[in-house]
Amino acid sequence: MLWRGVQINKEALNDYQQKKWVAEGVRLQGNYSFSRNLKVALKFAFQNAKSEHLPTLFVIACQNYNQPRGFLMSNEAYSAYPSESEFVFMEGCLVYVLAV
């Protein structure tokens, strides 16, 4: 499981809820980073909270049929924060949205 904690405004959250993405494949636009550590993601969602933004947690479950299209940043040679166990998905990675 991979986790991403963010703060988004109510309009952006409504946009996610209105999309017809559920059970359909979607290609990620841009590079997205997720953590293998839930505590790290929750810290990002709740730190320096702004009143107009909502703490939001995205959850990714990866299948092991093929290697996920991305890069694990858990080594000091690749990341200034290896303890965050960051995984970066490449642009265009196919994901299936199960719920919003």
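**Reading burial and pockets in a predicted model**

Me: Does S85 count as buried or exposed here, and why?

Reply: S85 counts as buried because its relative accessibility is 16%, and buried means under 20%. Keep in mind that the model is predicted.

Me: Where is S85 found?

Reply: S85 sits in the loop that runs between strand 5 (70-73) and strand 6 (86-89).

Me: Which residues is S85 in contact with, leaving aside its neighbours within four places in sequence?

Reply: S85 then has contacts with F34, S35, R36, L72 and S74.

Me: How do I read empty space, and what volume does the largest pocket have?

Reply: Rolling a probe the size of a water molecule over the atoms shows where empty space is left. In this structure the largest pocket has a volume of about 1,200 Å³. Its lining has 35 residues, and the closest to its centre are I60, L94, V95, Y96 and V97.

Me: Which strand gives the most to that lining of the largest pocket?

Reply: Strand 4 does, with five residues. Among the other elements that supply at least two are helix 1 (10-18) and strand 7 (94-96). By class, the lining of the largest pocket holds 27 nonpolar, five polar and three charged residues.

Me: What is the volume of the second largest pocket, and which residues line it?

Reply: The volume is about 150 Å³. The lining of the second largest pocket includes W3, F34, S35, F44 and E84. Strand 1, strand 3 and helix 2 (38-46) each give two or more residues to this lining. Its classes are five nonpolar, three polar and three charged.

Technical notes:
Residues numbered from 1 in each chain as written. Predicted model: local features only at pLDDT ≥ 70, side-chain atom pairs only at ≥ 80, totals over all residues. Heavy atoms only, no water. 1 Å grid on protein atoms, 1.4 Å probe; cavity = no way out; pocket = protein on both sides within 12 Å on 5 of 7 lines; lining within 4 Å. Points joined across faces, edges and corners; volume = space filled by probe spheres on them. Helix = DSSP H or I, 4+ residues; strand = E, 2+ residues; numbered from the N terminus. Nonpolar A, V, L, I, M, F, W, Y, C, P; charged D, E, K, R; others polar. Buried < 20%, exposed > 50% of the residue type's maximum accessible area, 1.4 Å probe, protein only. Contact = heavy atoms within 4.5 Å.
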